[in-house]
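Visitor: I am new to reading assemblies of several chains, and I would like to learn how to look at one step by step. Could you take me through the one shown here?

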Protein chains: 12
Amino acid sequence: MASILVLNGPNLDKLGVRDPSIYGTGSLQDVEALCEKTAKEVGAHVVCRQSNAEGTLIDWIHEARGKYDAIVINAGAFSHTSIALLDALTLTQLPIIEVHISNIHAREEFRRHSYISHAAKAVLCGCGIDGYAYAIRTAAKLLNGG
Amino acid sequence: MASILVLNGPNLDKLGVRDPSIYGTGSLQDVEALCEKTAKEVGAHVVCRQSNAEGTLIDWIHEARGKYDAIVINAGAFSHTSIALLDALTLTQLPIIEVHISNIHAREEFRRHSYISHAAKAVLCGCGIDGYAYAIRTAAKLLNGG
Amino acid sequence: MASILVLNGPNLDKLGVRDPSIYGTGSLQDVEALCEKTAKEVGAHVVCRQSNAEGTLIDWIHEARGKYDAIVINAGAFSHTSIALLDALTLTQLPIIEVHISNIHAREEFRRHSYISHAAKAVLCGCGIDGYAYAIRTAAKLLNGG
Amino acid sequence: MASILVLNGPNLDKLGVRDPSIYGTGSLQDVEALCEKTAKEVGAHVVCRQSNAEGTLIDWIHEARGKYDAIVINAGAFSHTSIALLDALTLTQLPIIEVHISNIHAREEFRRHSYISHAAKAVLCGCGIDGYAYAIRTAAKLLNGG
Amino acid sequence: MASILVLNGPNLDKLGVRDPSIYGTGSLQDVEALCEKTAKEVGAHVVCRQSNAEGTLIDWIHEARGKYDAIVINAGAFSHTSIALLDALTLTQLPIIEVHISNIHAREEFRRHSYISHAAKAVLCGCGIDGYAYAIRTAAKLLNGG
Amino acid sequence: MASILVLNGPNLDKLGVRDPSIYGTGSLQDVEALCEKTAKEVGAHVVCRQSNAEGTLIDWIHEARGKYDAIVINAGAFSHTSIALLDALTLTQLPIIEVHISNIHAREEFRRHSYISHAAKAVLCGCGIDGYAYAIRTAAKLLNGG
Amino acid sequence: MASILVLNGPNLDKLGVRDPSIYGTGSLQDVEALCEKTAKEVGAHVVCRQSNAEGTLIDWIHEARGKYDAIVINAGAFSHTSIALLDALTLTQLPIIEVHISNIHAREEFRRHSYISHAAKAVLCGCGIDGYAYAIRTAAKLLNGG
Amino acid sequence: MASILVLNGPNLDKLGVRDPSIYGTGSLQDVEALCEKTAKEVGAHVVCRQSNAEGTLIDWIHEARGKYDAIVINAGAFSHTSIALLDALTLTQLPIIEVHISNIHAREEFRRHSYISHAAKAVLCGCGIDGYAYAIRTAAKLLNGG
Amino acid sequence: MASILVLNGPNLDKLGVRDPSIYGTGSLQDVEALCEKTAKEVGAHVVCRQSNAEGTLIDWIHEARGKYDAIVINAGAFSHTSIALLDALTLTQLPIIEVHISNIHAREEFRRHSYISHAAKAVLCGCGIDGYAYAIRTAAKLLNGG
Amino acid sequence: MASILVLNGPNLDKLGVRDPSIYGTGSLQDVEALCEKTAKEVGAHVVCRQSNAEGTLIDWIHEARGKYDAIVINAGAFSHTSIALLDALTLTQLPIIEVHISNIHAREEFRRHSYISHAAKAVLCGCGIDGYAYAIRTAAKLLNGG
Amino acid sequence: MASILVLNGPNLDKLGVRDPSIYGTGSLQDVEALCEKTAKEVGAHVVCRQSNAEGTLIDWIHEARGKYDAIVINAGAFSHTSIALLDALTLTQLPIIEVHISNIHAREEFRRHSYISHAAKAVLCGCGIDGYAYAIRTAAKLLNGG
Amino acid sequence: MASILVLNGPNLDKLGVRDPSIYGTGSLQDVEALCEKTAKEVGAHVVCRQSNAEGTLIDWIHEARGKYDAIVINAGAFSHTSIALLDALTLTQLPIIEVHISNIHAREEFRRHSYISHAAKAVLCGCGIDGYAYAIRTAAKLLNGG
């Protein structure tokens, strides 16, 4: 049974509170519930974690190697600034799926480049929290040979 | 019943032929069949069209207003160069979902910016042809009030 | 009697429909009627054509040589991206007058440069559809020796 | 009766003297006479002033508020360098029409950006001194409700 | 008794009139009264002057040497464009405190760099007219040995 | 009684030790004492916290919502690199006042842009530790209706 | 017998008419006759086509796969702007030889980059119409094993 | 007898006072005396003027046409920012010699480009006040046929 | 006896696991053993620490002042993004030696600039783990008067 | 009988040794033999020289004036860096034909600009050593009146 | 026995004379003696050469192939400007170790990029002349299988 | 008696031959005669040398230390590309005067920056060969205490 790590980065603990016109009204709990429901549908297992600390996210990614089969990550604003997260993801050699709740490409210039994308198989932006479900389906499919 | 226009731009008629290590082995016919199947599942109707000509795509987008409820578009390389397509999409005032089969953010620098993204609600990259299915689901959900 | 070709590029067939707060409520028919009326006033003859296809516009510009005495052109979004149109206009060796309905210099960064301007005698932006009338007057005056 | 302030900036007092192949042979007096004639035709009143001093132009723009209904301005080379003029024009809350005698977009790179354009309703370049007449007509039309 | 020159540059004579949502409703008179009041509180003397002319501001700055002990300056839009003002301020060898009523760093890109800042001890942005009071206090403190 | 959170970011625990020619000799304790004294003067309450960890600062900012009425922040070097802090500050919807002890605009190029400034009402640079006092006064005034 | 597709893009139908000081006096017919003559000399077969429409060129390139052994292309101004043509050429997996009649590297800045060059084996600029003959020879040699 | 206008721009009235390690200890009076002495040696006549106001400098340059045979100018910091001065100098059609007392190319990046240089025959930087003498000799020689 | 702090930043705990073709097969334990062995050879004492958290690294650097005589640091990906680490290192006033296991200058563009280098005496890239030994020798020599 | 100087720059003495997948297996001797053979065919005379020293190449180019009728040059890596070679070529006033064995436009960014191209009539890239033959034919044709 | 070529580029013959605060007091003779001593320690043989001429350095590098097993090079200022040296080094297919006596990354912007680094296995900056010893050790280790 | 080395770089041996509209008709012999004549007038001794080879110029500059009191240099195109020459000039610690015969600031963009200027006391451009005379006078004056 495929095992997928779902990581949420800075400020995603405040989902639903943060500007709902951009991020919708779903909370982090809603995201995690959706991930679990979708995982069940595709016969996979998910573990969901969130942190505002780059170092903690790196630690979790390091532990993922050998323990999970894929990583779904919404690194929030760290996507635009953290080469260290890119390196951590790359060294797992796991398939990475990147999610953003809003369409980052229609926002400020500095949100249009993501270091995470260099390591990602797929990038889903602007699907709201459904992006996580599509990400898990994409991961599951990749693990089943594409 | 929601009606969705699925547009494919230049070179997508050659899907399956074009570098399969990047674009997979699915053909345009496979894409269109998947779109129809997904549409049926979400209770929507799709019409699929492909052209290598920017002007033809603009004409079709103009006709979409009043005839369709949403547009799913993979504008291929025109995504990076055509402001005219962006303008055409914007004036329909319809929700736009952008799809790319490969993860354009992990390729050449000149593929990392898409004018279409300025008008899009959501952008799905690198999910292979499944990106179209997720795009149709996203469109359907938007049309059902999000 | 001076003969002037009036060319409208992509999305201008949707004038009046497209964001009226920027482009006003006049339609392409209104533009063409104004051009004819103005031409009559300055003792000139106009032919008006519109296309969403770059190749078609180039074909028409090629035919203009020897058939018309000046070209008034609103190349829409192609202004910002088409070097091929610039080349076509240049090789006619006719006086070129460029029109934009909105003030493109007060909009997005990517609308501030026009390749057409390299070949144009005059550029009129933001006068609404009256810009076409001023363009025809400018062309007529140039043809009458300035 | 609409009242329009026509401002000319640096070096425009030398019109007719300055490179006639670019600027034509009309003098500043010719420009002002044309403005008055055009104003009469559209039932408006104009006052014309010229200065080579940025501070003087700002003072005149400040006085325009409450005294004039629109400003037609050819700020010459200050167009490319003066944010202070942009600020002065903006705070009048009057409609601004920008004129350039030559087509600044076909000249040196540093003449292609105008701060004045950020505040302008319309921009007319390269129509020679007729640009002033079109500017006054555009201003009059705007004041009459477009 | 310390003597401080307070200089206001272009458009600041229109304070209270200019976009109150950005600049507040205080007038230049209010600014000058606040400066005098604050100066009295810190045992200093202020002279307040405003001009829209760069040359005049330079002249006043030149006269400041030997006559004043510090300069508080809001150079308005000249901050972004005038190297000559920077040079004038530098050659006084007096402490310079820069004030902006609005937070220029949250506005257009071209307002984010100030030449004055190269010569300033302190920069206060976005405190409204209170910024002048803080500037005078900062100057007074510097003159009293920090 | 207004309640203000005062946050100090990386390396500010070493104030007084770090290059005194730039940062002065005041310690973090001095800063915090000044904040408390100033708060008392304006009838407000302050809580002061410092961390070298971005994640910890984000956590504290999240907790600020509903608990404090304003945030005064010197994010140190994170100002120039942390979009995550900007996002955290923005989602509090509290007024933000940014402080820098030195004039960052007269130092290295990479210190001249602050992401924090995008969210800040006011920015105070180079006033030494007095900047904190002015920041608290500015916050208090904003909370009292400006 | 090797079969080579010779494609000419926008404005090349006007060869001989277009600025002869840059492009020479040879017409498109002369180019095509030269191509046929050269092909005969190297024992190859050529088919020559010209279009001003990007979409038509892409269609022809798609059809080339399996029908021709190499493509010689002068994409004119599309060279500088069309990523879609680059993609079409790449997916044929045929050897591509790029020709420009003038030396594009000694002209305007925007003519110095060609997307076609990314896919080309060889690029010949400024040899006049003889460039086509050299291109056919180069293609023939490549097909004969270099 | 050749007649030469010597213009000094902003802050040059403070020569000798301004940072002597960069500008030397000579005053503006010394500069003007040296100009007169040198002019006498080469059989020319000079008139020397200085202003801190860009508009005044432009007025003087306008008057130079027909009255002087050449202009020697040290436009100070206006060199780097004033296109209006460049235009004024250009329209005189007189030979222009540019002087800077310090070597501007070994100072801040923003002092390395001079608009005046576009119109100048010769540029002398870093020769101290002797640069004026060399400039007058250069002008005289040019007027005597080189 | 000289005391040297050896700091390793993010992802260096995974040395040997991370892409061995770039980083070699040595582990962090190997690095630390080599540091100790080298230190012994040069008569110094080392303490080795590793963290994936920027804040933790800053804390350790702060503590280094007064406790160690030099710092050898491989800040990993933080080298390219952390101004806060640069500031922390600078305020220790200790000699800093920077190490990178791979040659960062032959990799992606975004790895070619290191903020750490601004504060470093020496930078060693691409010597594999031997770089640490050379760094300790360099530090020891500097401490012995160079 | 036309006389052509064929110059090869740095590293071309190592042709055949240097990365054969890019440069082919032909040696410099092969190149020179091909040049002589081609020259004979077009009734011209060639002299071939190679140097790794920029100064030597400049000396040879200086001597070419009056001695040769055209120059064919492959300046190797000096093409991208040597303005001095450009100047030397320009002052000969001879027709210059530039050759590169590989397609420099499909390689690293820093190989895409050639100073030599500013002075060249034609540029041939990626034709392997045949490029020299085409260059000699092009030169011969130019010398025979095009 | 491994044989290593040690190359020093422009101005390194003046080591010890050139700014000792940056480059130390060691002479080129000291460098060469250190290289020989280190080589002996690691059982290798070195030949040391220095030239101020790029062409001479290229010639020596060409001769290195087949004669030496590795190259240690301090190309001085040529590191920043010579693509020809990069090409010469690359075609030897030998391991290259780059040395700089000072930390070039803490100096002027134009010293921060080295073309040599593209071909180098390792880069040592700022270790003073000891950098050569470390470079030879690194080369020896690489030749012994890493 | 002061001794001055006058160095001329690439292509200056062709003075008088090279584009006389830019460089005048004086030859290198004329330049050297003028230098000698001027030196005599100011009581100095000059030695004049020219080379097209960067390495040779560096060698001569190295020898200048201790043998000459100042260097006058026209490095031609090497001015724009040679950091090695800048380093050689700097390490002489002699006063450097830079000369260019034409006004390089009114030519191509790539001629506007000179590395030599970083080390020069004075820069004289566009005075024709008289620039050398002024340079020698400037050098002599500097050597006599300014």
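Visitor: How many residues does the contact take from chain A and from chain B?

Guide: Please keep in mind throughout that this is a predicted model. The contact takes 20 residues from chain A, and it takes 20 residues from chain B as well.

Visitor: How much area is buried between chain A and chain B, and which three residues of chain A supply the most of what chain A buries?

Guide: The size of an interface is often given as the accessible area lost when the parts come together. For chain A and chain B that area is about 1600 Å², and carbon and sulfur atoms give 50% of it. On the side of chain A, the residues A:His105, A:Val123 and A:Tyr134 supply 29% of the area buried against chain B, which is more than any other three residues.

Visitor: Which relation do the two copies have, chain A and chain B?

Guide: To read this, one asks which rotation lays one copy on the other. Chain A is superposed on chain B by a rotation of 180 degrees with 0.0 Å of shift along its axis, at an RMSD of 0.0 Å, and that is the relation of a two-fold axis. The C-alpha of chain A nearest the axis belongs to A:Leu124, at 2.3 Å from it.

Visitor: Do the copies meet through the same surface or through different surfaces, if I take chain A and chain B?

Guide: They meet through the same surface, because 100% of the interface residues of chain A are also interface residues in chain B.

Visitor: How many salt bridges and how many residue pairs in polar contact are counted between chain A and chain B?

Guide: The count is two salt bridges, and there are 11 residue pairs in polar contact. A salt bridge that you can look for in the picture is made by the side chains of A:Lys141 and B:Asp130, at 2.7 Å from N to O. As for the elements of chain A on the side that touches chain B, helix 6 (116–119), strand 5 (122–125) and helix 7 (130–143) each supply at least two residues, and helix 7 gives the most, with five residues.

Visitor: Now let us turn to chain C and chain B; by what turn can chain C be laid on chain B?

Guide: A turn of 120 degrees with a shift of 0.0 Å along the axis lays chain C on chain B, with an RMSD of 0.0 Å. The two copies are thus related as by a three-fold rotation axis. Only 13% of the interface residues of chain C are also interface residues in chain B, and therefore these copies meet through different surfaces.

Visitor: What area do chain C and chain B bury between them, and how many residues of each are in contact?

Guide: In this contact 15 residues of chain C meet 15 residues of chain B, and the two chains bury about 1200 Å² between them, with 63% of it on carbon and sulfur atoms. C:Asn11, C:Asn52 and C:Phe110 supply 39% of the area that chain C buries against chain B, more than any other three residues.

Visitor: Which side chains meet in the salt bridge across the interface of chain C and chain B?

Guide: The rule finds one salt bridge across this interface, and in it the side chains of C:Arg111 and B:Asp87 meet at 2.8 Å, N to O. Five residue pairs are counted in polar contact between chain C and chain B, and helix 4 (residues 78–81) gives the most to the side of chain C that touches chain B, with three residues.

Visitor: How many aromatic pairs does the structure hold?

Guide: Over all chains the structure holds 18 aromatic pairs. In one of them, the rings of D:Phe110 and H:Tyr115 have their centres 5.1 Å apart and their planes at 75 degrees, so this pair is edge-to-face. D:Phe110 lies in the loop between strand 4 (96–100) and helix 6 (116–119) of chain D, while H:Tyr115 lies in helix 6 (residues 115–119) of chain H, so the pair joins two chains.

Visitor: Is H:Tyr115 buried or exposed?

Guide: H:Tyr115 is buried, with a relative accessible area of 13%.

Definitions and conventions. Residues numbered from 1 in each chain as written. Chains lettered and ligands numbered in written order. Predicted model: local features only at pLDDT ≥ 70, side-chain atom pairs only at ≥ 80, totals over all residues. Heavy atoms only, no water. Phe/Tyr/Trp six-rings, centres within 6.5 Å; stacked < 30°, edge-to-face > 60°. Helix = DSSP H or I, 4+ residues; strand = E, 2+ residues; numbered from the N terminus. Buried < 20%, exposed > 50% of the residue type's maximum accessible area, 1.4 Å probe, protein only. Least-squares fit on C-alpha atoms with pLDDT ≥ 70 in both. Contact = heavy atoms within 4.5 Å. Buried area = accessible area lost by both parts, 1.4 Å probe. Salt bridge = Lys/Arg side-chain N within 4 Å of Asp/Glu carboxyl O. Polar contact = N/O pair within 3.5 Å; in protein donor to acceptor, adjacent residues only side chain to side chain.
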